[in-house]
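Good morning, colleagues. I should like to take you through one structure today, beginning with its sheet and ending with its nonpolar cores. Please look at the display.

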Amino acid sequence: MKNATTERPAGAAPTFVRLDGPAVAADPQPFARAYEQCYAHAAQLSDHSDPPIGDRLIRHGDRPGFELLAAMDGERVAGYIYGYTLPVDTLWWDGLAPAPAPELIREWPGRTVGVCELLVGRPWRRSQLGAQLFDGFLRGRTEERAAALVAEGNDVILDRCEKYGFAHVGTMEPYPGWRPHHMVVRSLRTG
């Protein structure tokens, strides 16, 4: 995959590709580059860069239930979403405030998919690509619910999560030195 450009290409809509952990670990650079380009405007912020996205992709790719759904425009990454099934002994909920009810944070096999990242490159924004990635990723999951963290100040995504049926359950700092993030949770059960 080649480096993405800042111009939106004319032609067909991006194609969607599902990748497992070993496939992403074999070449995480296209996804790391897309992430770095997406957040280049926020380069002065210390959060979201330590640990580096390439390291996070490889580490998360080793976890059960890992999947990355990529939107590809030829060889360019237009956007992607990824996550994995939270294990019973997850640290995902550590530091959540206010202190959550025990039934919220108790995990069992197959209860929660943690959505780690969703991004859409600037050329493809306002094209509904983010919604397509989000829906496509969640549609393929077998877990009972999804949980995601949204950085404080990212009101557009927080509003969209609310429209997608996510409920705000608290805030936390996902990594030391990162700004606070809103934890949102949504049932994936229908009916």
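In this predicted model, seven strands form an open sheet with mixed pairing, in the order β1-β2-β3-β4-β5-β7-β6. At its edges lie β1 and β6, residues 167-172, each of which pairs on one side only. Direction ignored, neighbouring strands are turned by 25° against each other on average.

Consider next the end of the sheet at β6. Five bridges join β6 to β7, residues 181-187, in the antiparallel sense. Within this region, Ala167 stands opposite Val185 of β7.

I turn now to the helices on the sheet. Helix α5, residues 129-139, lies across β1, β2, β3, β4, β5 and β7, and runs at about 160° to β4. Helix α2 spans residues 29-38. Which of its residues are buried? They are Pro30, Phe31, Ala32, Ala34, Tyr35 and Cys38. These buried residues pack against the helices α1 and α3 as well as the strands β1, β2, β3 and β4.

That brings me to the nonpolar cores. The largest comprises 27 residues, and those touching the most other members are Phe31, Leu57, Leu68, Tyr80, Trp93 and Met183. At least two residues each come from α2, α3, β2, β3 and β7. Which element supplies the largest share of this core? It is α2, with five residues. There is also a second, separate core of 21 residues, among them Ala78, Phe137, Val184 and Leu188.

Thank you for your attention.

Notes. Residues are numbered from 1 along each chain as its sequence is written. This is a predicted model: local features need pLDDT of at least 70, side-chain atom pairs count only at pLDDT 80 or more; totals for chains, interfaces and linings use all residues. Side-chain values use heavy atoms; hydrogens and water are left out. Buried means under 20% relative accessible area, exposed over 50%, partly exposed in between (1.4 Å probe, protein chains only). Helices (H or I, at least four residues) and strands (E, at least two) are DSSP runs, numbered from the N terminus. Contact means heavy atoms within 4.5 Å. Two strands pair if DSSP finds at least two bridges between them. Axes are lines fitted to C-alpha atoms, for helices over the stretch in contact, and angles run from 0 to 180 degrees between N-to-C directions. A nonpolar core is a set of buried Ala, Val, Leu, Ile, Met, Phe, Trp, Tyr and Cys residues joined through side-chain atoms within 4.5 Å.
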